[in-house]
Amino acid sequence: KTQRRRESEKAARACVCVCVFQMLLSSQHFRRKPSVWAHNRSSEWWDVIVPGFTNEQWVENFRMSEETFGFLSNKLRPVLERQDTNFRGCVPLKKRVAIALWKLATGSEYRSIGHLFGVSITTVCRCVQDFCAAAETLLVPEQIRFPDEVKFREMATYIENRWGLPHCVGAIDGSHIPILAPQDYHCDFFNRKGWHSILLQGVVDGKGLFWNVFAGLAGSMHDARVLRVSKLWELASRGNHFPARTRNIGGVTAGYYIIGDSAYPLQNWLLKPFQDKGRLTAEQQMFNRKFSRVRVVVENAFGRLKGRWRCLLKRNESDLQLVKSMVMTCCALYNLCENHGETYETELDVQPAEPGVAVAQDVEGINVREGLMQFLLANN
């Protein structure tokens, strides 16, 4: 009987423990908090405020009119549009485009953009990455493309009619894009101005539109070195870049050429001003003055590019591959806005020319420059 009583008491105590444990689990204190699939966020600004924007407000906030915005969205639709799932609705196409444009136009943090559009930081990051990838696939090849022979003739005619420089088809220059110091080889990206950057090399026509862009090299490299490793140098040096259309300029047979500052090597297809060491002749000084009037078009283009897409002015903390993609996308968007006649009212930031450095000079380039100087003197 004693043994049976002990077993009965043990069973009773076990039953009490089970009951107490169940009560604790069911209490509010120990109950697991329900998980949240998506936090509540307000998208009132995009859903309510933006639809009432005037054309000026569209340009101010997104750097383009609503019409151009619609054109861009439709252009990228095949790659950028997403479908709803059983768990949640996707971010609409135009909202994805707007999020990316806001990032490129302002350089704001992902968190701030997420609060503005009512989406998560991850969504903002993904929208920017997807937009730039889509732009590189569909927009860049259309907006920044190598001119054909007819286009070369048009560009040369425009520059000659406006500035009197014959057979010139554009101007070349480089610009630094600020970045966060990369973990690997960060010293290579430390430029002469005292901060980390990658380099953007651009060639523009007389209207300031980019027709050749090369970006991504370390900021410590000199402009002449960037040119020599670019596709432009490879093709032009082999004579495969410009159409074989020559013209007699000041007694010298010359083909199409572009112009650059004193940092670039003198070639028969790339002319630069006479290096001023205090002993220039009056003719050479006149040549340099007229030369600089044409070359400033590329400096103004970089100023408008960074004025519109201010992510290029601020230190970009994205990885290098995304930064390069953003740079290429901004150049294509710049051409798109210019071609669509979008207004730009911000004061231009003209960058100073690269300090002159002794670089190799091609004999044919010297002859073409001399012939051009004689042409300008005769037509002054």
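Two strands are said to pair when DSSP finds at least two bridges between them. With that in mind, the sheet in this predicted model can be followed from one strand to the next: 5 strands form an open sheet with mixed pairing, and their order is β3-β2-β1-β6-β7. Because β3 (210–218) and β7 (270–271) each have a single partner strand, they stand at the edges, and one side of each is left without a neighbour in the sheet.

A convenient place to begin the walk is strand β1, which spans residues 168–178 and is mostly covered, with 11 of its 11 residues buried. On one hand, β1 pairs with strand β2 (residues 197–204) in the antiparallel sense, over 8 bridges, and within β2 it is G202 that stands opposite D173. On the other hand, β1 is joined to strand β6 (residues 257–259) by 2 bridges, and these two strands run parallel; here A171 has I259 of β6 as its bridge partner. The path then continues from β6 to β7, which pair in the parallel sense over 2 bridges, and the bridge partner of I258 in β7 is L270.

Helices are also found against this sheet. Helix α11, which covers residues 282–308, lies across β1, β2, β3, β6 and β7, and runs at about 40 degrees to β1. Helix α12 (residues 320–339) likewise packs on the sheet, where it touches β1, β2 and β3, and its direction makes about 165 degrees with that of β3.

The remaining part of this tour concerns a contact between helices. Two packed helices are described by the angle between their axes and the distance between the axes. In the case of helix α5 (residues 93–106) and helix α6 (residues 110–117), the packing angle is about 140 degrees and the axes lie 11 Å apart. That angle makes α5 oblique to α6, because the label "roughly antiparallel" is kept for angles over 145 degrees. The crossing of α5 and α6 is, moreover, right-handed.

Which residues in α5 meet α6? From α5 come K95, A98, I99, W102 and K103, and in α6 they meet Y110, I113, L116 and F117. Sorted by class, the contact of α5 with α6 has 7 nonpolar and 2 charged residues, and no polar ones.

Definitions and conventions. Residues are numbered from 1 along each chain as its sequence is written. This is a predicted model: local features need pLDDT of at least 70, side-chain atom pairs count only at pLDDT 80 or more; totals for chains, interfaces and linings use all residues. Side-chain values use heavy atoms; hydrogens and water are left out. Axes are lines fitted to C-alpha atoms, for helices over the stretch in contact, and angles run from 0 to 180 degrees between N-to-C directions. Helices (H or I, at least four residues) and strands (E, at least two) are DSSP runs, numbered from the N terminus. Angles under 35 degrees count as roughly parallel, over 145 as roughly antiparallel, 65 to 115 as roughly perpendicular and the rest as oblique. A crossing is left-handed if the near helix is turned anticlockwise from the far one by less than a right angle, and right-handed if clockwise. Contact means heavy atoms within 4.5 Å. Ala, Val, Leu, Ile, Met, Phe, Trp, Tyr, Cys and Pro count as nonpolar, Asp, Glu, Lys and Arg as charged, and the others, Gly among them, as polar. Buried means under 20% relative accessible area, exposed over 50%, partly exposed in between (1.4 Å probe, protein chains only).
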